[in-house]
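Please look over the structure below before reading the notes. They take up a few local features in turn.

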Amino acid sequence: MAFIPYGKQWIDEPDVQAVVKTLESDYLTTGPKVAEFEKAIAGYCGAKYAVAVSNGTAALHIASLALLKPGAKVLTTPNSFLSTSNAILYAGAKPLFVDIAEDGNIDLDLCESMLENDPQIEALYAVHFSGNPITQKRLAALKRKYGITILEDCAHSIGAEREGIKAGSCIHSDASIFSFHPVKHITTGEGGMVTTNDATLYEKLKILRNHGMVKTPDMKPWEYEMRTLGFNYRITDFQCALGLSQLKKLDDFIARRRELAIHYDEAFAEDELIRPLYLYTKNSSYHLYVVLIDFQKSESKREDLFVKMRKKGIGLQVHYIPINKQPYYKALGYGEEPTPVMDRYYARCLSLPLYPALTDKEQEYVIRNLKEMVHG
Ligand SMILES: Cc1ncc(COP(=O)(O)O)c(C=O)c1O
């Protein structure tokens, strides 16, 4: 059996043809496919505007520059990839790490009590962890009551929906970001997107993506003006051609991910040592399938399990090492926040292989080996 990674892209012949066709066109960097992909993602999510960029971190960077004031205090989660809070630092703002709830998402009760006690908190960066969206009702209530800026990190959650609201629609947030890294639901190789319903923010994002440059109809043909310090975060046309082709398959990809999640749930239903992070919910678009393992009682400790499963040709991953405990963050004075749920979670979590191309047979092989190693 070929190696089974924890996540993997699905590329088929129509994807290849879409890229080749664009490579043979007049446009390699910004061309018609960029605008088409932006329109398609905005339409899929139900947001007014979308700005495509070179990766999800770039999306977070420009969104943060546009949304945050230097020095602003921003609530965020330790249970994410580094970029979520790094982007807060890029903007000169100050992340405040909040503990997670039992489902791996930021604890909104704790957010509320922090907002209640500190009027200087200006924003919330929430990640819909693993594809399981946090409640939109709560986001709406927090925004209304405290007037905070909200960014939704939807890198895990394209296609997810809660309370009838699709991830990235920005109904109760100022902006959302996406990543199209190959382990995500759809890929452009590297790629990212910001969605928003705010026209002013949209204009700012487009300028930040392209060196802070502005070109207006009244300027001479060669003229442009640099009005802010921006970046080259442009994505190529052939990447967007791939994104468009992938987007056609997104709902099928999600359906398969959900099917696999249900199989995993069933396999671990009676298991005392292996427990799903949360039981099946159709809200989740299942970027990750996380189990919590009782390593106190398990035959194999986590390190052994990683090595032994790899020898069997199975890749596992840990999502995530608490960001606030990274050396860089510790040097900034972080790391001692009271995050007991995150600490307990981190000691037990493991992400199992989950991607649309994973076959039933491969999944059974993963389950069998995991059980054998945990139970002995
Ligand atoms: C939650 C989250 N946010 C942001 C990112 C950054 O995306 P990218 O890798 O495209 O820069 C990732 C990617 O791993 C992520 O998982």
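The report covers the ligand shell, two helix pairs and some backbone details.

## Basis

The model is predicted.

## Ligand shell

The ligand is surrounded by 14 residues, and those that come nearest are Gly56, Thr57, Phe81, Ala155 and Ser179. By class, the shell holds ten polar residues, three nonpolar and one charged.

Two helices each supply at least two residues of this shell: H3, covering 56–67, and H4, covering 83–90.

## Helices H3 and H4

H3 and H4 also pack against each other, at an angle of about 35° and with their axes 8 Å apart. Their crossing is right-handed.

On the H3 side the contact involves Gly56, Thr57, Leu60, His61 and Ser64; on the H4 side it involves Ser83, Thr84, Ala87, Ile88 and Tyr90. Six of the residues in this contact are polar and four are nonpolar, with no charged ones. Gly56 and Thr57 take part in this contact and are also among the residues that come nearest to the ligand.

## Helices H2 and H8

A second pair is formed by H2 (residues 32–45) and H8 (residues 237–247), whose axes come within 8 Å and cross at roughly 35°. This crossing is left-handed, whereas that of H3 and H4 is right-handed.

From H2, the residues Lys33, Val34, Glu36, Phe37, Ala40 and Tyr44 meet Asp237, Cys240, Ala241, Gly243, Leu244 and Leu247 of H8. The contact of H2 with H8 is made up of eight nonpolar residues, three charged and one polar.

## Positive phi values

Glutamate 163 is not a glycine, yet its phi is positive, at about 50°. This residue sits in the loop between strand S6 (161–162) and strand S7 (165–166). Is glutamate 163 buried or exposed? Glutamate 163 counts as partly exposed because it has 14 C-beta neighbours inside 10 Å, and a residue is buried only from 20 or more and exposed at 12 or fewer.

Histidine 211, another residue other than glycine, has a positive phi near 65°. The loop that holds histidine 211 lies between helix H7 (199–209) and strand S10 (213–214). Histidine 211 has 16 C-beta neighbours inside 10 Å and therefore counts as partly exposed.

## A cis peptide bond

The peptide bond between histidine 319 and tyrosine 320 is cis, with omega about 5°. Tyrosine 320 belongs to the loop between helix H10 (302–311) and helix H11 (327–331).

Key:
Residues numbered from 1 in each chain as written. Predicted model: local features only at pLDDT ≥ 70, side-chain atom pairs only at ≥ 80, totals over all residues. Near = placed C-beta within 6 Å. Helix = DSSP H or I, 4+ residues; strand = E, 2+ residues; numbered from the N terminus. Nonpolar A, V, L, I, M, F, W, Y, C, P; charged D, E, K, R; others polar. Axes fitted to C-alpha atoms, helices over the stretch in contact; angles between N-to-C directions. Left-handed = near helix turned anticlockwise from the far one by under 90°. Contact = placed C-beta atoms within 7 Å.
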